[in-house]
Amino acid sequence: NPDELHEYSNRVLMALAHDANFILEDYSASVKFYPYPKELCRVVDCVVMVVRPTLSGLHESKLFLDQFRDINPGTENPARLIIVLNNNTEGRQISLSVAEEFLGQAVDIEFPYYQKAEEFLISGKRFIDGNTHLTEPFLQLSRQILGKQSAPKSLFSRWFGA
């Protein structure tokens with residue numbers, strides 16, 4: 001029963017909230033279990049919504065986002081929202097500009113497709129330690145979750161657009 005699962009999840013979250021500085025809940029499983037935005041906005045400081053650049057991914061994300069936008073401003077401490085576009089498959093996907101237009105909001109961070117991601121993870125390396133296309137997006141995400149500004153671009157990158 002989805003309602004019982006939500007109730008159980010909320011009880012665990014409330015119990016842990018007093019002893020933890022950081023709690024991560026992952027709703028990306030194949031089972032259609034999504035948080036209720038009303039409850040989520042009441043108990044979290046920051047929501048990271050990872051969007052798959054597919055039609056179904058955009059539709060699912062838009063449903064949640066519309067509910068979140070309606071509920072979040074009215075909460076005692078509105079949660080920050082970080083939208084991440086995750087290009088996790090090779091081939092044709094929906095572009096960043098189309099995703100932003102559909103969602104009606106800018107995407108904060110875009111993760112490019114990285115063909116060797118599995119090999120990289122299996123080797124025991126971390127993306128933020130390596131020199132991959134995913135290093136900078138992971139650093140940006142970490143900064144935003146912590147509420148820090150993005151690292152300033154170097155003089156070289158400002159001059160040459162790198």
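## How far to trust it

What pLDDT does the protein average, and how many of the residues score at least 70? The average is 81, and 85% of the residues reach a score of at least 70. Keep those scores in mind as you look around, since this is a predicted model.

Confidence isn't spread evenly. Helix α4 has the highest, with a mean of 95, while helix α7, residues 155-160, has the lowest, with a mean of 57.

## The overall layout

Let's start with the parts list. There are seven helices and three strands in the protein. Walk along the chain from the N terminus and you meet them in the order α-α-β-α-β-α-β-α-α-α.

The chain has 162 residues, and 29% of them count as buried. On the outside, the accessible surface is about 11,600 Å², with 55% of it belonging to carbon and sulfur atoms. If you take the contacts between residues at least 6 apart in sequence, 62% of them link residues at least 24 apart.

## Two nonpolar cores

In soluble globular proteins, nonpolar side chains tend to be buried together. Here, the largest nonpolar core is made of 18 residues, and the ones that touch the most other members are Val47, Met49, Val51, Phe68, Leu81 and Ile83. At least two residues each come from α2 (37-43), β1 (46-51), α3 (55-71), β2 (80-86) and α4 (96-103). Helix α3 gives the largest share, four residues. Another core, of ten residues, lies apart from this one, and it includes Ile82, Phe111, Ala117 and Phe120.

Ile83 makes a good spot to zoom in on. Setting aside residues up to four places away in sequence, Ile83 touches Met49, Val51 and Leu65, and also Leu103, Gln105, Ala106, Val107, Asp108 and Ile109.

## Helix α3, inside and out

Helix α3 runs for 17 residues and spans 25 Å from first C-alpha to last, close to the 24 Å expected at 1.5 Å a residue. Which of its residues are buried? They are Gly57, Leu58, Ser61, Phe64, Leu65 and Phe68. Looking down the axis of α3, you'd find these buried residues within an arc of 140 degrees, so they line one face of the helix. The face turned away from that buried side carries the exposed residues Leu55, Leu63 and Asp70. As for what covers the buried residues of α3, the list includes α2, β1, β2 and α4.

Two of these buried residues deserve a closer look. Ser61 has a relative accessible area of 8%, so it counts as buried. Neighbours within four places aside, Ser61 is in contact with Met49, Val50, Val51 and Leu103. Gly57, also in α3, is buried with a relative accessibility of 2%. Leaving out neighbours within four places in sequence, Gly57 is in contact with Val51 and Arg52. The C-alpha atoms of Gly57 and Ala99 are 9.8 Å apart, although the two residues are separated by 42 residues along the chain.

## A buried loop residue

Where does Asn72 sit? You'll find Asn72 in the loop between α3 and β2. Is this loop residue buried or exposed? Asn72 counts as buried, because its relative accessibility is 7% and the cut-off for buried is under 20%. Beyond residues up to four places away in sequence, Asn72 touches Cys41, Pro78 and Ala79.

## Helix α6 and its partners

Now for α6, where the buried residues are Thr135, Pro137, Leu141, Arg143 and Gln144. What do the buried residues of α6 pack against? They pack against β1, β2 and β3 (109-111). Right after α6 comes Gly147, which takes a positive phi of about 80 degrees.

Leu141 lies in α6, the helix of residues 135-145, and is buried with a relative accessible area of 15%. Not counting residues up to four places away in sequence, Leu141 touches Val48, Ile82, Val84, Ile109 and Phe111. Take Ile109 from that list: Leu141 and Ile109 are 32 residues apart in sequence, yet their C-alpha atoms are 7.0 Å apart in space.

Methods:
Residues numbered from 1 in each chain as written. Heavy atoms only, no water. Core = buried A, V, L, I, M, F, W, Y, C linked by side-chain atoms within 4.5 Å. Buried < 20%, exposed > 50% of the residue type's maximum accessible area, 1.4 Å probe, protein only. Contact = heavy atoms within 4.5 Å. Expected span 1.5 Å × (residues − 1). Arc of directions from axis to C-beta. pLDDT = per-residue confidence, 0-100. Areas by Shrake-Rupley, 256 points an atom, 1.4 Å probe, with all protein chains shown as cover.
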